[in-house]
Amino acid sequence: MSAPLSPAIASASQPYEGLSRHDLIRACRAIQLSRRLDDREIMLKRQNRIFFQVSAAGHEAVQAAAGLAVRTGHDWVYPYYRDRALCLMHGVTAEQMLLQAVGAGSDPASGGRQMPSHWSSPDLNIVSASSPTGTQYLQAVGCAHASRYLNPAGNEVTLVCSGEGATSEGEFWEALSAACLDKLPVVFLVEDNGWAISVPVEKQTPGGDILPLAAGFPGLLRLEADGCDVIDSYRALRQAFQHCRAGQGPALVRANVIRPYSHSLSDDETQYKTKAQIEEDSRRDCAIRFPEFLLREGILDPHGLQLLFHEVEQEIQQATDRVLREPPPEPGSALRFLYSEKANPTSQDFDTEPQFSGDPRTMVDTINLTLAEEMTRDSRIIVFGEDVADCGYPENLDQVKGKGGVFKATLNLQRRFGPERCFNTPIAEAAIAGRAIGMATRGLKPVAEIQFFDYLWPAMMQIRDEMATLRWRSNNGFSCPLVLRVPIGGYLTGGAIYHSQCGEVLLTHIPGLRVAMPSSALDACGLLRTAVRCDDPVLFLEHKKLYREAYNRSPHPGPDYLIPFGKARIVKAGANLTLVTYGATVQKSLQGVLQVEQKFPEATVELIDLRTLAPYDWESIAASVTKTSRLLIVHEDVLSFGFGAEIAARVADELFDCLDAPVRRLAALDTWVGYSPSLEDEILPQTAGIAREIERLLRY
Ligand SMILES: Cc1ncc(C[n+]2csc(CCOP(=O)(O)OP(=O)(O)O)c2C)c(N)n1
Ligand SMILES: [Mg+2]
């Protein structure tokens, strides 16, 4: 049996739930402005002057109420695409909204990059909305986490909105779980219009109502509201905000609304809704009922209402006239704000000399030490992930050695910096990435760990559609500089399919990300520090096989050692062939090179370790190939569509005239890594195979 819903607060003594005449008129104005803006956009779309339209129609009352409950500029808002009235209440103007609709370069939300209704306002703490349904929940949790860390006495609340359809995403449940575990001040507002495009809620949500399904979450205040009624919505939302401000945990409000227009202008609801269903909804329309209510209550007289409507029309007309004259985004500006323009990790600023001290350390020890040094330097750095803490029961820390990650890369960070700076998360990779994004948006520097590359995939939506896009899509309004450390790769003897995967190209193919993959302790130190100190999201790929090797150890290069991104290391100079590689195949390639050079002393091979894959050091490759006229690319990931294909294509394009032989690639077979050591050997590139390819190319 599900737990009873939380009781509504007594309200009889407070007319209109304490809302003033001014509040009610503000709400009425927002409802009218929102609806009429939708109507104007629909007209503009039909005239081909805008290119997409999605309306807030039917949702405005609860949004106006949310606008009254939230503290503008203090609280944080992760809106849904229907939240026009909420954003108007919050301070976004009609003109700003229309600038986005026409795709103007001066659109303050996205500079003409996002569809209309993808709200964003750094000044108002409205965090750039994207299009995937559900990603916003986890970022909101990260944002609330940051509120508590940065401003513990501030009582900030994060409001995150969605439709009922979006609650089917796993990310909704991961967010509820994380918010309840940490008692975070998040108000989840579900604007339930009964439809997710054409799918009715009964076919989407078991039982047709999200609230009972969330009954088991401890500390979660669950409230129901008539979302077509400003006052009832305000009652529930005020209580939800109070609960959060009082530090009692998150709240979930389901507001029952209608969707009197089709899902968007790309949809025709008559294809799946009956006439009777459409008519039934329209009886609850707040754009009609709320003004009638204000007249009945004597809050507005007919003249006052007429005046309000007239002002709204005028505002929209003037705004429309202005935005239609606005130019589109500057030609040539499309690449701006993929990356920070404040800090350039490829620059000299990130190039320092090592100051060596101590005995040689393994790569994993160096990573651990670098993390500790950076955490000491910057209290905004927060480390989290699965098993990364030393002890789940901090009071037992003095009785145990400590876990510190399955590879021990985070050992003693909890012990040294406390559970607020280093903590375990549930096994929920989307949540790790999504929360990191929310924290980073707020100015923390998350250095989160995904336990194995093989299990990165639940986080992929957050990585590709959110982490990589946030700065670009908000035209530099928001960003999420963070580090996601991911142990990667095979050669483990027994690692098999699910502990050996590479697949780095799936990340390098994403504009907006930086991808590093060091092959030695020294490089891991310098590149990790650059990753932490730079202003972009970095995927830091740590090869598991290299964590504890003897050959790639190094004395510690000091707490300020930095290696710039996009600067390869020439492992060995040579004149007759260029071999480009990275990660675990650097050492295998070196062995292959030495074997061949021993056999043919007149031939020398130049071996290049790329160190970072996005960006990668084209200049070093080009300079070397120009000199040697021959190129072999080796990587551990599968051959087809791999990183080598990109380099080979670029060399064919730009250096064709220099080549004396075909560009060759050596990589894993296009299959999975098998458990049996003989299978693994056969599938992954080995020294003998590399030597063979070098020899073949030299003879060509
Ligand atoms: C992850 C993801 N899957 C599918 C879509 C396509 N899509 C856009 S809106 C929508 C329905 C959302 O329904 P609901 O959350 O109830 O919001 P409503 O539009 O009803 O307000 C779908 C399936 C999407 N944007 N993102
Ligand atoms: Mg819906």
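Me: In which order do the five strands of the open sheet with parallel pairing stand?

Reply: The order is β1-β2-β3-β7-β6. This is a predicted model, in which local features need pLDDT of at least 70 and side-chain atom pairs count only at pLDDT 80 or more, while totals for chains, interfaces and linings use all residues. Residues are numbered from 1 along each chain as its sequence is written, and chains are lettered from A and ligands numbered from 1 in the order in which they are written.

Me: How do you know that β1 and β2 pair?

Reply: Two strands pair if DSSP finds at least two bridges between them. Three bridges join β1 to β2 (residues 158-163), so the condition is met. The two strands run parallel, and Tyr 78 has Val 160 in β2 as its bridge partner. The strands themselves are DSSP runs of E of at least two residues, and helices are runs of H or I of at least four, both numbered from the N terminus.

Me: What makes β1 and β6 the edge strands?

Reply: Both β1 (76-78) and β6 (221-226) pair on one side only.

Me: What is the angle between neighbouring strands here, and how is it defined?

Reply: Neighbours in this sheet are turned by 20° on average, with direction ignored. Axes are lines fitted to C-alpha atoms, for helices over the stretch in contact, and angles run from 0 to 180 degrees between N-to-C directions. For helix α8 (230-245), the direction makes about 160° with that of β6.

Me: Which strands does α8 touch when it is said to pack on the sheet?

Reply: Helix α8 touches β3 (186-192), β6 and β7 (251-256). Two residues are in contact if their C-beta atoms, placed from the backbone, lie within 7 Å.

Me: How many residues surround ligand 1, and what makes a residue count?

Reply: There are 15, the closest being Thr 133, Gly 163, Gly 165, Ala 166 and Ala 196. A residue counts as near if its C-beta atom, placed from the backbone, lies within 6 Å of the molecule or strand in question. The elements that give two or more residues to this shell are β2 and β4 (195-196).

Me: How does the shell around ligand 1 divide by class?

Reply: It has five nonpolar, eight polar and two charged residues. Ala, Val, Leu, Ile, Met, Phe, Trp, Tyr, Cys and Pro count as nonpolar, Asp, Glu, Lys and Arg as charged, and the others, Gly among them, as polar. Gly 163 and Gly 165 of the shell are therefore polar under this scheme.

Me: Why is helix α2 (residues 60-69) said to be largely enclosed?

Reply: Ten of its ten residues are buried, so the rest of the structure largely encloses α2. Buried means that 20 or more other C-beta atoms lie within 10 Å of the residue's own; 12 or fewer makes it exposed, and values in between partly exposed, with C-beta atoms placed from the backbone.

Me: Is strand β14 (residues 538-543) mostly covered or hardly covered, and what about β8 (residues 357-361)?

Reply: Strand β14 is mostly covered, with six of its six residues buried. Strand β8 is hardly covered, since the count of buried residues among its five is zero. In β14, Val 538, Phe 540 and Glu 542 point one way, Leu 539, Leu 541 and His 543 the other. In a regular strand the side chains alternate between the two faces of the sheet.

Me: Which strands are joined to β14 by bridges?

Reply: Strand β12 (residues 483-488) is joined to β14 by six bridges, and β13 by three; each of the two runs parallel to β14. Phe 540 stands opposite Arg 485 and is the bridge partner of Ala 516.

Me: How many residues of domain 2 are in contact with domain 3?

Reply: 27 residues of domain 2 are in contact with 23 of domain 3. The bounds, 348-556 for domain 2 and 569-699 for domain 3, come from an automatic or database domain assignment. The C-alpha centres of these two domains lie 27 Å apart. On the side of domain 2 that touches domain 3, β13 gives the most, with three residues.

Me: Why is one side of β16 (569-572) and of β21 (664-668) left without a neighbour in the sheet?

Reply: Each stands at an edge with a single partner strand, so one side stays without a neighbour. The order of this open sheet is β16-β18-β17-β20-β21, with mixed pairing.
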